[in-house]
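Work through the exercises below with the structure open beside you. Try each task before reading its solution.

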Amino acid sequence: MGFFKKLFGMEKPANAQVNPTPAPEATDPETGGEVAPERVGVNGEYDQSGLAKRVALAFDEDASVTDVEGLWVAQTGSSVVLKGAVPSQEILDRMVELASGVSGTTDVSIDQVTVG
(Lines give C-alpha, C1' and ligand atoms only; values in the text may rest on other atoms or scores of the structure.)
Protein backbone atom coordinates (compact mmCIF):
# COMPACT_ATOMS: atom_id res chain seq x y z
CA MET A 1 0.00 0.00 0.00
CA GLY A 2 1.38 3.41 -0.94
CA PHE A 3 1.85 6.37 1.36
CA PHE A 4 -1.06 8.29 -0.16
CA LYS A 5 -3.56 5.50 0.44
CA LYS A 6 -2.16 4.63 3.90
CA LEU A 7 -2.23 8.21 5.14
CA PHE A 8 -5.38 9.53 3.51
CA GLY A 9 -7.45 6.39 2.93
CA MET A 10 -8.00 7.03 -0.73
CA GLU A 11 -6.49 6.28 -4.11
CA LYS A 12 -4.38 8.96 -5.74
CA PRO A 13 -6.62 11.29 -7.75
CA ALA A 14 -6.25 11.22 -11.52
CA ASN A 15 -3.53 13.54 -12.79
CA ALA A 16 -2.15 14.07 -9.26
CA GLN A 17 1.11 16.03 -9.21
CA VAL A 18 3.77 16.64 -6.58
CA ASN A 19 4.18 20.29 -7.58
CA PRO A 20 1.02 21.34 -9.47
CA THR A 21 0.27 24.85 -10.58
CA PRO A 22 -2.52 26.26 -8.40
CA ALA A 23 -5.83 26.11 -10.24
CA PRO A 24 -6.98 29.56 -11.45
CA GLU A 25 -10.29 29.18 -9.62
CA ALA A 26 -8.68 27.99 -6.35
CA THR A 27 -9.12 30.37 -3.43
CA ASP A 28 -8.44 30.10 0.27
CA PRO A 29 -11.85 29.76 1.97
CA GLU A 30 -10.60 31.60 5.06
CA THR A 31 -9.26 34.67 3.27
CA GLY A 32 -10.97 34.48 -0.13
CA GLY A 33 -7.54 35.15 -1.63
CA GLU A 34 -4.73 33.22 -3.21
CA VAL A 35 -4.02 29.72 -1.89
CA ALA A 36 -0.81 29.48 0.16
CA PRO A 37 1.75 27.03 -1.33
CA GLU A 38 1.34 24.59 1.57
CA ARG A 39 -2.44 24.44 0.97
CA VAL A 40 -2.28 23.54 -2.73
CA GLY A 41 -3.68 20.07 -3.33
CA VAL A 42 -2.41 17.39 -5.72
CA ASN A 43 -4.50 18.80 -8.58
CA GLY A 44 -3.95 22.50 -7.83
CA GLU A 45 -7.10 22.90 -5.73
CA TYR A 46 -7.27 24.29 -2.18
CA ASP A 47 -6.56 21.51 0.32
CA GLN A 48 -5.93 22.04 4.04
CA SER A 49 -3.58 19.01 3.98
CA GLY A 50 -2.20 19.71 0.51
CA LEU A 51 1.47 19.73 1.45
CA ALA A 52 1.29 16.42 3.34
CA LYS A 53 -0.59 14.83 0.43
CA ARG A 54 1.95 16.05 -2.10
CA VAL A 55 4.84 14.77 0.05
CA ALA A 56 3.10 11.38 0.30
CA LEU A 57 2.73 11.42 -3.49
CA ALA A 58 6.45 12.23 -3.88
CA PHE A 59 7.29 9.24 -1.66
CA ASP A 60 5.00 7.00 -3.72
CA GLU A 61 6.76 8.09 -6.91
CA ASP A 62 10.27 7.22 -5.64
CA ALA A 63 11.03 3.49 -5.77
CA SER A 64 13.75 3.79 -3.12
CA VAL A 65 11.25 4.72 -0.38
CA THR A 66 7.91 3.24 -1.47
CA ASP A 67 8.21 0.17 0.76
CA VAL A 68 8.83 2.08 4.01
CA GLU A 69 5.78 1.10 6.04
CA GLY A 70 6.45 2.55 9.49
CA LEU A 71 6.57 6.22 8.57
CA TRP A 72 3.79 8.81 8.65
CA VAL A 73 3.62 12.30 7.14
CA ALA A 74 1.92 15.31 8.68
CA GLN A 75 2.17 19.03 8.23
CA THR A 76 2.13 22.04 10.50
CA GLY A 77 1.70 25.03 8.24
CA SER A 78 4.54 24.82 5.75
CA SER A 79 6.59 22.41 7.89
CA VAL A 80 6.53 18.71 6.99
CA VAL A 81 6.59 16.43 10.04
CA LEU A 82 7.81 12.85 9.63
CA LYS A 83 6.88 10.39 12.39
CA GLY A 84 7.61 6.72 12.96
CA ALA A 85 10.46 4.44 11.93
CA VAL A 86 12.68 3.96 8.88
CA PRO A 87 15.11 1.11 8.24
CA SER A 88 18.22 3.23 7.57
CA GLN A 89 19.69 6.72 7.73
CA GLU A 90 20.11 6.68 3.95
CA ILE A 91 16.39 6.17 3.44
CA LEU A 92 15.56 8.91 5.94
CA ASP A 93 17.97 11.28 4.17
CA ARG A 94 16.27 10.50 0.84
CA MET A 95 12.83 11.12 2.34
CA VAL A 96 13.96 14.47 3.75
CA GLU A 97 15.36 15.35 0.31
CA LEU A 98 12.08 14.42 -1.39
CA ALA A 99 9.95 16.31 1.16
CA SER A 100 12.19 19.38 0.88
CA GLY A 101 11.68 19.41 -2.89
CA VAL A 102 7.90 19.74 -2.65
CA SER A 103 6.75 23.32 -3.24
CA GLY A 104 5.54 25.00 -0.07
CA THR A 105 7.92 23.09 2.23
CA THR A 106 9.96 25.40 4.46
CA ASP A 107 11.19 22.77 6.95
CA VAL A 108 11.24 19.00 7.46
CA SER A 109 11.06 17.83 11.08
CA ILE A 110 12.49 14.36 11.82
CA ASP A 111 12.51 14.62 15.63
CA GLN A 112 9.86 11.90 15.85
CA VAL A 113 11.63 9.39 13.56
CA THR A 114 13.67 6.41 14.73
CA VAL A 115 16.25 4.75 12.50
CA GLY A 116 16.92 1.05 12.50
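## Exercise 1: Fold and overall shape

Read along the sequence, the elements of this predicted model come in the order α-α-β-β-α-β.

**Task.** Count the helices and strands of the chain, then decide how compact the chain is for its length.

**Solution.**
1. Count the elements. There are three helices and three strands.
2. Compare radii. The radius of gyration is 14 Å, and the globule rule gives 13 Å for 116 residues. The two are close, so the chain is as compact as a globular protein of that length.
3. Check the extents. The C-alpha trace spans about 45 × 25 × 20 Å along its principal axes.
4. Look at contact range. Of the contacts with a separation of 6 or more, 56% are between residues 24 or more positions apart.

## Exercise 2: Surface and charge

**Task.** Find what share of the residues is buried, and what share of the exposed area carbon and sulfur atoms supply.

**Solution.**
1. Start inside. Buried residues are 46% of the 116 in the chain.
2. Move to the surface. The chain exposes about 6,000 Å², and carbon and sulfur atoms supply 49% of that area.
3. Add the charges. The chain carries 8 positive and 18 negative charges, and their mean positions are 5 Å apart.

## Exercise 3: The nonpolar core

**Task.** Which residues have the most contacts inside the largest nonpolar core? Which element gives the most to this core?

**Solution.**
1. Recall the background. In soluble globular proteins, nonpolar side chains tend to be buried together.
2. Size the core. The largest one holds 28 residues, and Phe59, Leu71, Leu82 and Met95 have the most contacts inside it.
3. Assign the core to elements. At least two residues come from each of helix H1 (3–8), helix H2 (50–60), strand E1 (71–76), strand E2 (79–86), helix H3 (89–100) and strand E3 (107–115).
4. Pick the top contributor. H2 gives the most, with seven residues.

## Exercise 4: Helix H2

**Task.** How many residues of H2 are buried, and what covers them?

**Solution.**
1. Count. Eleven of the eleven residues of H2 are buried, so the helix is largely enclosed by the rest of the structure.
2. Note the chemistry. The buried residues include the charged Lys53, Arg54 and Asp60, as well as Leu51, Val55 and Phe59.
3. Name the cover. It includes H1, E1, E2 and H3.
4. Examine one lysine. Lys53 lies in H2. Its relative accessible area is 14%, under the 20% cut-off, so Lys53 counts as buried.
5. List its partners. Beyond four places in sequence, Lys53 is in contact with Phe4, Phe8, Val42 and Asp47.

## Exercise 5: Two residues of helix H3

**Task.** Are Met95 and Leu98 buried or exposed? What does each one touch beyond its sequence neighbours?

**Solution.**
1. Place both. Met95 is in helix H3, and so is Leu98.
2. Read the areas. Met95 is buried, at a relative accessible area of 0%. Leu98 is buried too, at 14%.
3. List the contacts of Met95. Leaving aside residues within four places, they are Phe3, Phe59, Val65, Val68, Leu71, Leu82 and Val86.
4. List the contacts of Leu98. With the same exclusion, they are Ala58, Phe59, Asp62 and Val65.
5. Find the overlap. Phe59 and Val65 appear on both lists.
6. Add distances. Met95 and Ala56 are 39 residues apart along the chain, with C-alpha atoms 9.9 Å apart. Leu98 and Val108 are ten residues apart, and their C-alpha atoms are separated by 10 Å.

## Exercise 6: The loop between H1 and H2

**Task.** Classify Lys12 and Asn15 as buried, partly exposed or exposed.

**Solution.**
1. Locate them. Lys12 is in the loop between H1 and H2, and Asn15 is in that loop as well.
2. Apply the cut-offs. Exposed means over 50% relative accessible area, and buried means under 20%. Lys12, at 44%, is therefore partly exposed. Asn15, at 67%, is exposed.
3. Check the backbone. Asn15 has a positive phi of about 65°, although it is not a glycine.
4. Trace the contacts of Lys12. Not counting residues up to four places away, Lys12 touches Phe4, Leu57 and Asp60.
5. Set a long-range distance. Lys12 and Thr76 are 64 residues apart in sequence and 22 Å apart from C-alpha to C-alpha.

Terms used
Residues numbered from 1 in each chain as written. Predicted model: local features only at pLDDT ≥ 70, side-chain atom pairs only at ≥ 80, totals over all residues. Heavy atoms only, no water. Helix = DSSP H or I, 4+ residues; strand = E, 2+ residues; numbered from the N terminus. Rg over C-alpha atoms; globule rule 2.2 N^0.38 Å. Buried < 20%, exposed > 50% of the residue type's maximum accessible area, 1.4 Å probe, protein only. Contact = heavy atoms within 4.5 Å. Areas by Shrake-Rupley, 256 points an atom, 1.4 Å probe, with all protein chains shown as cover. Charge placed at Lys NZ, Arg CZ, Asp CG, Glu CD. Core = buried A, V, L, I, M, F, W, Y, C linked by side-chain atoms within 4.5 Å.
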